[in-house]
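Biologist: I have this model open on my screen and would like to walk through it with you. Shall we begin where protein meets DNA?

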Number of protein chains: 2
Amino acid sequence: MSYEPDWNVLTQTCPSRTSLARIANKWTAMIVIVLGKGRTRFRDLRHAVEGISGKVLTETLRDLERDGLVARHVFAEVPPRVEYELTDLGRTLYGPLSAIGQWAEAHIAEVLDARESYDRQR
Amino acid sequence: MSYEPDWNVLTQTCPSRTSLARIANKWTAMIVIVLGKGRTRFRDLRHAVEGISGKVLTETLRDLERDGLVARHVFAEVPPRVEYELTDLGRTLYGPLSAIGQWAEAHIAEVLDARESYDRQR
DNA sequence: CTGTATCCCATGCGATACTG
DNA sequence: CAGTATCGCATGGGATACAG
């Protein structure tokens with residue numbers, strides 16, 4: 001009922017494309033996959049998503065918070081503790097994004113074979 | 001049976017992450033969504049994915065071809081005609097990626113509301 | 001029409017230093 | 001610990017010109 005068939009990510013000016021650009025992103029996918037398992041503090045998120053820099057983690061979390069996908073919980077402690085979790089809206093994205101992650105893991109052997117065969121032919 | 005539980009996109013050096021980086025991308029998503037509807041020639045793809053430049057379309061298609069997701073068919077005509085279509089492997093990705101596109105379209109209203117509310121508070 | 005080759009600006013992203 | 005600020009390299013990606 002809230003679906004608006006006029007919205008089309010293939011249309012250049014459709015707002016939905018700005019949302020697509022944010023969610024169709026490797027860091028977003030990995031962060032949402034981790035948060036899908038439960039509320040996580042910044043430090044643990046940084047370790048779970050191997051190789052992500054603090055800067056990018058902060059920036060991506062801010063963007064996700066702005067889009068209403070992630071909630072931020074700050075505890076007035078020293079040293080500070082901040083936890084992140086998916087909102088109701090963010091949870092509806094967990095399925096689709098974890099499917100992408102699982103696809104990458106399930107088919108990487110075929111992809112590697114394809115790359116080798118492609119590169120061999122030139 | 002071809003699933004290898006040791007592969008984990010969250011691990012920095014896992015090859016599956018290189019595949020995730022390729023598929024968790026807005027251009028890849030839009031191209032696969034269009035190709036999911038059937039074999040398409042270059043020109044039509046360029047028009048369907050509004051706003052994509054020829055350079056980026058070519059590069060993305062090459063990468064997808066290299067990963068075994070897209071097949072390229074060249075016709076010896078003048079002017080030349082080249083058609084692209086999803087491979088069997090690429091077709092297994094259509095579901096997950098179109099789900100991402102549909103999510104963006106279905107929830108953009110909520111996302112826009114969240115952005116407005118976030119921006120208003122600062 | 002389907003590319004390829006350049007040029008060049010914008011953005012992504014890591015590293016480092018610093019603050020509350 | 002969880003940021004913010006800054007720097008600078010790498011990549012993304014548009015525009016244009018040109019080739020087959």
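Biologist: Which element gives the largest share of the surface near DNA strand D?

Modeller: Keep in mind as we go that this is a predicted model. Several elements each supply at least two residues of the surface near DNA strand D: helix H3 (42–48), helix H4 (54–66) and strand S3 (81–86) of chain A, together with H2 and H4 of chain B. The largest share is three residues, and it comes from H4(A).

Biologist: What percentage of the atoms of DNA strand D within 4 Å of the protein belong to sugar or phosphate?

Modeller: Two polar contacts show the backbone side of this surface. A phosphate oxygen of DNA strand D is 3.0 Å from an N or O atom in the side chain of A:Arg62, and another contact puts a polar side-chain atom of A:Tyr84 at 2.5 Å from a phosphate oxygen of the strand. Bases make up the rest of the atoms within 4 Å, once sugar and phosphate have taken their share of 69%.

Biologist: Which residue has a side-chain N or O atom 2.6 Å from a base nitrogen of DNA strand D?

Modeller: Around DNA strand D there are 18 residues, and those that come nearest are A:Arg43, A:Arg72, A:Tyr84, B:Ser53 and B:Lys55. One of these five has a side-chain N or O atom 2.6 Å from a base nitrogen, and that residue is B:Lys55.

Biologist: Now for DNA strand C. Which residue has a polar side-chain atom 2.8 Å from a phosphate oxygen of that strand?

Modeller: The 18 residues around DNA strand C include A:Ser53, A:Lys55, B:Arg43, B:Arg72 and B:Tyr84, which come nearest. A:Gly51 uses its backbone, with a polar atom 3.5 Å from a phosphate oxygen. The residue that uses a polar side-chain atom, at 2.8 Å, is A:Ser53.

Biologist: Which element gives three residues, the largest share, to the surface near DNA strand C?

Modeller: One contact comes from B:Pro80, with a backbone N or O atom 3.5 Å from a sugar or linking oxygen of DNA strand C. The elements that give two or more residues to this surface are H2 and H4 of chain A together with helix H3 (42–48), H4 and S3 of chain B. With three residues, the largest share belongs to H4(B).

Biologist: Let's turn to the sheet in chain B. Why is one side of each of S1 and S2 left without a neighbour in the sheet?

Modeller: The three strands form an open sheet in the order S1-S3-S2, with antiparallel pairing. Strand S1 (40–41) and strand S2 (70–75) of chain B each have one side without a neighbour because each stands at an edge, with a single partner strand.

Biologist: Which residue stands opposite B:His73 in S3(B)?

Modeller: S2(B) and strand S3 (residues 81–86) of chain B run antiparallel and are joined by six bridges. Opposite B:His73 in S3(B) stands B:Glu83.

Biologist: At about what angle does helix H2 of chain B run to S3(B)?

Modeller: Helix H2 (residues 26–35) lies across S1, S2 and S3 of chain B. Helix H4 (residues 54–66) of chain B also packs on the sheet, touching S2 and S3, and its direction makes about 115° with that of S2(B). For H2(B) against S3(B), the angle is about 95°.

Biologist: Which residues have the most contacts inside the largest nonpolar core?

Modeller: In soluble globular proteins, nonpolar side chains tend to be buried together. Here the largest nonpolar core has 62 residues. Beyond neighbours within four places in sequence, A:Ile31 is in contact with residues including A:Val49, A:Ile52, A:Leu57 and A:Leu64. The residues with the most contacts inside the core are A:Ile31 and B:Ile31.

Biologist: How many of the eight residues of helix H1 of chain A are buried?

Modeller: The cover over its buried residues includes helix H2 (26–35), H4 and helix H5 (88–120) of chain A, together with H2 and helix H5 (88–120) of chain B. Among the buried residues of H1(A) are A:Arg17, A:Leu20 and A:Ile23. Helix H1 (residues 16–23) is mostly covered, and the number of buried residues is six.

Biologist: Is B:Ser16 buried or exposed?

Modeller: B:Ser16 lies in helix H1 (residues 16–23) of chain B. Its contacts beyond neighbours within four places in sequence include A:Ala104, A:Glu105 and A:Ile108. Because its relative accessibility is 0%, B:Ser16 counts as buried.

Note on methods
Residues are numbered from 1 along each chain as its sequence is written. Chains are lettered from A and ligands numbered from 1 in the order in which they are written. This is a predicted model: local features need pLDDT of at least 70, side-chain atom pairs count only at pLDDT 80 or more; totals for chains, interfaces and linings use all residues. Side-chain values use heavy atoms; hydrogens and water are left out. Two strands pair if DSSP finds at least two bridges between them. Helices (H or I, at least four residues) and strands (E, at least two) are DSSP runs, numbered from the N terminus. Contact means heavy atoms within 4.5 Å. Axes are lines fitted to C-alpha atoms, for helices over the stretch in contact, and angles run from 0 to 180 degrees between N-to-C directions. A nonpolar core is a set of buried Ala, Val, Leu, Ile, Met, Phe, Trp, Tyr and Cys residues joined through side-chain atoms within 4.5 Å. Buried means under 20% relative accessible area, exposed over 50%, partly exposed in between (1.4 Å probe, protein chains only). A residue is near a molecule or strand if one of its heavy atoms lies within 4 Å of it. A polar contact is a pair of N or O atoms within 3.5 Å; within protein, one must be able to donate a hydrogen and the other to accept it, and residues adjacent in sequence count only if both atoms are side-chain atoms.
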